[in-house]
Amino acid sequence: MANESISFEFSQKLVGMQRNLYGFILSLVANRSDAEDVLQETNLILCQKSKEYNPQGNFRSWAFNIARYQVLAYLTTKKRSKIQFSNELVDSLASEEFDTKQYHITQRALQICYELLPEHMREIARLRFKEDMSLKEICKVSGRPIGAISATLYRIRQNLVQCVRIKASQLEIETDGQKI
Amino acid sequence: MNAQPSTDDLDLLICKLLDQTITPKEHNQLSKWLETSRSNRLRYLEIVRCESLLHWEPGEVDLPEELPVDSPKLIPFPVFTWVGSVAACLLALAGGWWAFIAEQVPDSLWASQTLLSPEHSSSYALPSVHKDTLNPGKDLRSSSSGESKLVSVRQEQGDMQLREGIEILRSGNRFASGGTFEFLGDLQRWNRVPYLSRGAENGVLPATGANMIGLEKMNIDVESQIAQSSETVQVVDVRKVLRLNPGEKASVSASVKFNQSFGETQEGAEFGLTLQAYGPQEVGEGEKPLLRVEKNLFGDRDPNSWHQLTSELELPNGAEYVVVSLSAKKLGPDALLANTSSYYCDDLVFSLTLGDQSIVGPI
């Protein structure tokens with residue numbers, strides 16, 4: 001496939017789909033490093049197949065399908081470890097609806113909810129989610145025991161999910177209201 | 001653990017999974033819970049998808065999934081957070097934060113200079129610009145034996161432009177389109193800069209004045225992960241000035257500034273300024289390239305900073321035309337996102353020197 005140009009529109013669609021793709025892949029492999037690897041493999045395949053894509057078609061479905069196959073291939077080549085979902089479970093998770101429009105609302109709600117976290121929680125969240133530190137590294141930085149960090153992250157995730165549910169509903173209502 | 005978990009129990013194992021502190025036994029339990037209950041799977045997905053969004057810079061949203069039909073080409077890209085490292089593929093979009101280099105990059109960053117003399121032409125075979133190579137559909141690579149794909153991709157664009165320029169100067173066609181025919185003392189020049197000029201766009205302001213040169217979108221080779229764009233911007237007819245000053249050592253010099261707009265690539269582009277001297281046309285053949293000097297530098301991703309390159313070329317005996325070309329290139333995974341940025345040049349100046357005396361320029 002020499003000298004094949006990727007169209008500007010395709011590039012935009014692919015770039016715009018990255019967060020959704022990453023979220024989808026992470027839900028199947030449950031490991032960030034693995035998810036990043038699979039995302040990059042998926043992107044390569046998508047670019048190589050860009051000419052096969054019908055611009056009138058559903059880009060998300062096409063991209064997610066390729067991502068799913070890449071996840072399955074990755075799990076196979078990784079030589080199944082004990083900490084890995086079965087292919088059947090991966091298929092079940094992959095088949096759950098992934099509403100990308102809802103993803104945008106979730107993103108906005110998450111931004112609001114993140115800022116609402118108490119400061120000590122926000123600091124732990126920053127180290128874990130933004131700086132991508134392991135729990136051991138966070139322990140060293142914060143001077144707190146690993147059990148406490150683990151418990152804090154558990155509460156952070158629960159708080160965020162709970163908050164995002166509420167905020168997302170409010171944002172949806174606002175969005176629908178603007179449309180009327 | 002119970003057959004059907006409480007939300008807290010389920011959340012606990014999901015958190016352990018995401019923090020990689022889960023034991024194999026706990027993982028088995030979690031898998032069973034997920035396999036046997038859709039509500040458990042939905043809860044798991046809810047948490048994991050929030051987790052995935054936490055990797056990205058808050059407050060920034062993705063582009064809409066489907067572009068409207070009439071969407072303009074100039075769509076500003078949000079600034080994504082980069083996570084993780086670049087693998088052997090294209091979009092290194094996993095991880096990290098963007099670091100912008102605010103100040104200008106000194107010339108010491110230029111990556112390579114290829115000075116070719118006829119003695120070195122075997123190591124970098126410059127093909128003759130033959131008429132047939134410019135016919136649509138002709139496979140240029142098949143007519144250039146031993147040539148790298150990289151060279152042929154660049155040549156395909158550049159050769160047509162330089163040949164057209166040489167032909168215009170040779171025929172004296174002052175009314176050709178796509179550039180301007182200029183008289184500069186004893187020099188004549190085919191100048192495409194006005195044709196390529198554009199105003200400020202994509203967050204990039206011209207280095208000086210109101211206009212700058214915009215390079216075309218890059219040709220991307222997905223397999224080899226090379227993207228490049230090349231423009232022949234000026235062709236200078238030096239026949240008369242050299243004929244009037246026989247025996248004098250003649251040289252040309254050029255300088256130009258480069259920049260690129262925001263995009264999704266991790267690194268700046270490699271920019272190139274190339275000066276080529278072409279000799280007389282042989283019967284049945286195209287113009288013969290005699291000498292080529294290419295200078296390169298790596299730009300940054302800051303649209304506020306312009307990076308300057310200068311180059312010189314001593315004209316060999318028999319030189320008739322000097323071609324000034326500009327290029328931008330990206331390699332590796334970044335190549336596949338090359339066209340999420342646009343590439344610009346400005347303040348191109350050209351000079352001709354005979355002996356120690358500047359004859360023309362800077363122009």
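In this predicted model, Lys329(B) and Glu270(B) form a salt bridge in which the closest N and O atoms are 3.9 Å apart. The pair links distant parts of the chain, since Lys329(B) lies in strand β12 (residues 321-331) of chain B and Glu270(B) in strand β9 (residues 270-278) of chain B, 59 residues apart. Both partners are enclosed, Lys329(B) being buried and Glu270(B) likewise. The 3.9 Å separation counts as a salt bridge because the cut-off between a side-chain nitrogen of Lys or Arg and a carboxyl oxygen of Asp or Glu is 4 Å.

Salt bridges that share partners also occur here, joining Arg32(A), Arg128(A), Asp132(A), Arg157(A), Asp19(B) and Glu51(B) into one network. Over all chains, a search of the whole structure finds 23 salt bridges. Side chains of opposite charge can pair when their charged atoms come close.

A further salt bridge is formed by Arg38(B) with Glu96(A), and its closest N and O atoms are 2.8 Å apart. This pair crosses between chains, running from helix α3 (residues 38-53) of chain B, where Arg38(B) is found, to the loop between α5 (87-95) and α6 (100-116) of chain A, which holds Glu96(A). The surroundings of the two ends can be stated separately: Arg38(B), with a relative accessibility of 49%, counts as partly exposed, whereas Glu96(A), with 7%, counts as buried.

Helix α3 of chain B also carries a salt bridge between the side chains of Arg43(B) and Glu46(B), at 3.7 Å from N to O. Why are Arg43(B) and Glu46(B) separated by about one helical turn? They are three residues apart in helix α3 of chain B, and that spacing is the reason for the separation of about one turn. An α-helix has 3.6 residues a turn, so residues three or four places apart point the same way. As for accessibility, Arg43(B) counts as buried because its value of 13% is under the 20% limit, while Glu46(B), at 22%, counts as partly exposed.

Turning to chain A, one finds nine helices and zero strands, and 53% of its 180 residues count as buried. Among the contacts in chain A with a separation of 6 or more, 64% are accounted for by residues 24 or more positions apart. The accessible surface of chain A comes to about 8400 Å², and carbon and sulfur atoms contribute 51% of that area.

Within chain A, helix α1 (residues 8-16) is largely enclosed by the rest of the structure, because eight of its nine residues are buried. The buried residues of α1(A) are Phe8(A), Phe10(A), Ser11(A), Gln12(A), Lys13(A), Leu14(A), Val15(A) and Gly16(A). These buried residues of α1(A) pack against α2 (18-29), α3 (32-48) and α4 (59-77) of chain A.

Another packing arrangement in chain A concerns helix α7 (residues 119-130) and helix α8 (residues 135-142), which pack at an angle of about 140° with their axes 10 Å apart. That angle makes α7(A) oblique to α8(A), because only values over 145 degrees count as roughly antiparallel. The crossing of α7(A) and α8(A) is right-handed, and the contact is made by Ile124(A), Leu127(A) and Arg128(A) on the α7(A) side and by Leu135(A), Ile138(A) and Val141(A) on the α8(A) side. Arg128(A) therefore has two roles in this account, as a member of the salt-bridge network and as a contact residue of α7(A).

How values were computed. Residues are numbered from 1 along each chain as its sequence is written. Chains are lettered from A and ligands numbered from 1 in the order in which they are written. This is a predicted model: local features need pLDDT of at least 70, side-chain atom pairs count only at pLDDT 80 or more; totals for chains, interfaces and linings use all residues. Side-chain values use heavy atoms; hydrogens and water are left out. Helices (H or I, at least four residues) and strands (E, at least two) are DSSP runs, numbered from the N terminus. Buried means under 20% relative accessible area, exposed over 50%, partly exposed in between (1.4 Å probe, protein chains only). Contact means heavy atoms within 4.5 Å. Accessible areas come from the Shrake-Rupley method with a 1.4 Å probe; for residues, only the protein chains shown count as cover. Axes are lines fitted to C-alpha atoms, for helices over the stretch in contact, and angles run from 0 to 180 degrees between N-to-C directions. Angles under 35 degrees count as roughly parallel, over 145 as roughly antiparallel, 65 to 115 as roughly perpendicular and the rest as oblique. A crossing is left-handed if the near helix is turned anticlockwise from the far one by less than a right angle, and right-handed if clockwise.
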